[in-house]
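Please open the model in a viewer in which residues can be selected by chain and number. The tour below proceeds by selection, and each stop states what is to be found there.

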Amino acid sequence: MNLFVKNIIRFFLFILVQVFVLDKIHLHQMVTPYLYFLFIIWLPFRMGRTQQMLLAFLLGFAMDSFRHHPGFHSAACVLIAYIRPFLVNILIPQEGADANYEEPSFKSLGGFLPYLIFISVLTVLHHGWLFLLEAWQFGNIWYFLVKTLLSTAVSLFLIIITEMLFTRQQRFKTNTV
Amino acid sequence: MRNIFLFVRRYFNFLLFLLLQGFCIYLIVHYSKYHNAIFSKTANQVTGKINREYNSITSYFSLKRTNDSLVAANEMLYNKLKADFALPDTASNFLVDSIKVDSMERFRKYHYYPAKVVYNSVASQNNFIVLSRGASQNIKKDMGVIDPNTGVVGIVTEVSNGYAVVMSMLHKDSHLSGKLLKGGETGTLNWDGKAPNIISLGGIPKTAKVAVGDTVISSGFSTSIPKGMMMGIVQEVKSDKSTNNHLIKFRSSANFYNLEFVYVIDNKQTEEIKAILEKEKQKTQ
């Protein structure tokens with residue numbers, strides 16, 4: 001399928017799953033699982049950073065309009081979209097690997113561990129910034145820390161399950177691009 | 001000048017990042033200003049429609065619970081009927097009030113509109129409820145919202161044509177006024193953002209006698225919610241060492257996890273009260 005069409009479908013699917021499935025699960029007051037930002041993690045390598053950030057803002061804003069208090073999710077999404085290219089540069093196995101594959105996955109980042117680091121850092125940043133903004137008005141540092149850690153663990157678990165359930169076909173492109 | 005352009009071009013991504021973050025934080029801080037904007041109305045309309053579609057499926061799963069709560073509400077109303085009360089003896093005589101009243105409608109104070117909940121959140125720090133009833137069905141801003149068993153739910157903060165957004169009691173900006181049924185002391189409600197259904201009641205002096213199990217009702221000081229609506233049952237009483245007040249936590253009587261139907265309260269005298277307050281304000285200025 002065309003990459004463009006694929007991403008459009010993903011955008012809506014992730015928001016619907018987040019709002020109507022994950023938000024309805026009340027595990028515990030400390031645990032709020034988030035999955036929708038996997039859209040940003042899965043964006044293609046080739047995409048420009050400006051576009052990534054604008055798309056992330058759009059995704060966050062769509063989430064926020066369901067919550068009726070704009071700003072929180074947009075801010076968190078823009079943050080991880082800004083950090084993402086730096087992380088890809090650090091973790092990519094060899095020069096030019098990002099040209100061989102289309103988007104980040106276990107395969108394209110060269111194994112389980114680099115990809116796990118990649119998603120963990122982004123998840124911690126997303127949750128941390130989101131809960132920090134939310135907790136700002138309450139000013140309880142321990143509550144914020146525990147909530148971030150627990151939610152990150154659950155979200156990471158969800159992301160790994162999603163990766164295993166929906167294996168994305170990563171074609172190896174030749175270097176003659 | 002050329003250097004400025006070069007600088008902007010070199011750090012364009014970083015500047016865009018700062019700009020977007022700044023914009024987001026502006027939205028968070030200036031929320032109340034923003035939410036009068038036209039955009040929020042359209043967004044409200046779109047997300048409301050999606051929520052209604054979803055709710056039309058999920059509402060079947062809670063039919064039994066909805067029925068039970070309606071039966072309980074009916075029971076309460078039946079017990080308030082005039083026919084349930086008899087005069088103690090036959091010697092007392094009836095007096096007919098001779099003052100003629102043209103229409104009862106003019107003297108009606110509260111009107112209740114039923115509404116269906118299509119979206120509800122409890123997990124966030126600022127929770128909202130969306131009702132599938134809006135400005136074209138007589139819902140206005142600042143109306144109070146209760147559940148079928150007269151438990152206070154929240155206040156309408158935003159209205160579009162077909163939908164209304166309610167700020168539930170589980171919101172950090174929600175400061176309704178509550179009252180202890182036994183002693184009559186009034187205080188302010190606020191939510192600490194942690195456990196849903198547990199709300200704290202501040203401003204009750206230590207001289208007031210409070211025990212676990214006491215009832216908290218609405219004070220009726222605001223124009224939104226009438227006096228005597230159930231707010232909750234006191235669950236924990238501590239004395240605050242730094243002030244002269246109790247620290248009271250109560251469990252809300254409305255269960256925010258499974259709201260299905262609610263009633264929106266229209267106070268017919270809101271305009272009049274507001275007009276007087278406005279006059280008073282102008283006098284003191």
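Select residues 177–180 and 186–190 of chain B, in this predicted model the strands β6(B) and β7(B), which pair in the antiparallel sense over 3 bridges. Within this pair, Ser177(B) stands opposite Thr188(B) of β7(B). The two strands form a hairpin with 5 residues between them. In its turn, select Gly184(B), whose phi is positive, at about 90°.

Keep β6(B) displayed and add residues 215–218 of chain B, strand β9(B); 3 bridges join the two strands, which run antiparallel. The residue to pick in β6(B) is Leu180(B), which faces Val216(B) in β9(B).

**The barrel around this hairpin**

Next, extend the selection to the whole sheet. Which strands make up the closed barrel of 6 strands, and in what order do they run? The order is β6-β7-β8-β11-β10-β9 in chain B, and the pairing is antiparallel. On average, neighbouring strands of this sheet are turned by 45° against each other, direction ignored.

Now isolate β10(B), residues 230–239, and β11(B), residues 246–252. These antiparallel strands are joined by 7 bridges, and they form a hairpin with 6 residues between them. Two residue pairs serve as markers here. Val237(B) lies opposite Ile248(B) of β11(B), and Ile233(B) has Arg251(B) of β11(B) as its bridge partner.

Leave β11(B) selected and bring in β8(B), residues 198–202. This strand pairs with β11(B) in the antiparallel sense over 4 bridges. To find the register, pick Ser200(B), the bridge partner of which in β11(B) is Lys249(B).

**The other barrel of chain B**

Select β1, β2, β5, β4, β3 and β12 of chain B. In that order they form a closed barrel of 6 strands with antiparallel pairing. The twist from one strand to the next averages 45°.

Within this barrel, select β3(B), residues 144–146, and β4(B), residues 152–159; they pair in the antiparallel sense over 3 bridges. Ile146(B) stands opposite Val152(B) of β4(B).

Then move to the loop between β2(B), residues 126–131, and β3(B), where Asn138(B) is placed. Although Asn138(B) is not a glycine, its phi is positive, at about 75°. Is Asn138(B) buried or exposed? Asn138(B) counts as exposed because it has 12 C-beta neighbours inside 10 Å, and a residue with 12 or fewer falls in that class.

Asp142(B) is also found in the loop between β2 and β3 of chain B. Its phi is positive, at about 70°, although Asp142(B) is not a glycine. Asp142(B) has 14 other C-beta atoms within 10 Å and is therefore partly exposed.

**Chain B as a whole, and one helix**

Display the full chain B. It has 6 helices and 12 strands, and buried residues make up 29% of its 285 residues. Of the contacts in chain B with a separation of 6 or more, 60% are between residues 24 or more positions apart.

Select residues 63–78 of chain B, helix α5(B). At 1.5 Å a residue, its 16 residues should span 22 Å, and the end C-alpha atoms are 22 Å apart, so the two values agree. This helix is hardly covered, with a count of 0 buried residues among its 16.

**Where chain A meets chain B**

Finally, display both chains. In the model, 26 residues of chain A are in contact with 29 residues of chain B. On the chain A side, the elements that give two or more residues are α3 (49–67), α4 (72–91) and α6 (112–135). The largest share, 7 residues, comes from α3(A). By class, this side of chain A divides into 12 nonpolar, 10 polar and 4 charged residues.

Reduce the view to α3(A) and helix α2(B), residues 12–29. Their axes come within 10 Å and cross at roughly 10°. The two helices are therefore roughly parallel to each other, since angles under 35 degrees count as such. To see the contact itself, select Arg49(A), Thr50(A), Met53(A) and Phe57(A) in α3(A), which meet Asn13(B), Leu16(B), Phe17(B) and Leu20(B) in α2(B). This contact has 5 nonpolar, 2 polar and 1 charged residues.

Key
Residues are numbered from 1 along each chain as its sequence is written. Chains are lettered from A and ligands numbered from 1 in the order in which they are written. This is a predicted model: local features need pLDDT of at least 70, side-chain atom pairs count only at pLDDT 80 or more; totals for chains, interfaces and linings use all residues. Two residues are in contact if their C-beta atoms, placed from the backbone, lie within 7 Å. Ala, Val, Leu, Ile, Met, Phe, Trp, Tyr, Cys and Pro count as nonpolar, Asp, Glu, Lys and Arg as charged, and the others, Gly among them, as polar. The expected span of a helix is 1.5 Å times one less than its number of residues. A residue is buried if 20 or more other C-beta atoms lie within 10 Å of its own, exposed if 12 or fewer, and partly exposed in between; C-beta atoms are placed from the backbone. Two strands pair if DSSP finds at least two bridges between them. Axes are lines fitted to C-alpha atoms, for helices over the stretch in contact, and angles run from 0 to 180 degrees between N-to-C directions. Angles under 35 degrees count as roughly parallel, over 145 as roughly antiparallel, 65 to 115 as roughly perpendicular and the rest as oblique.
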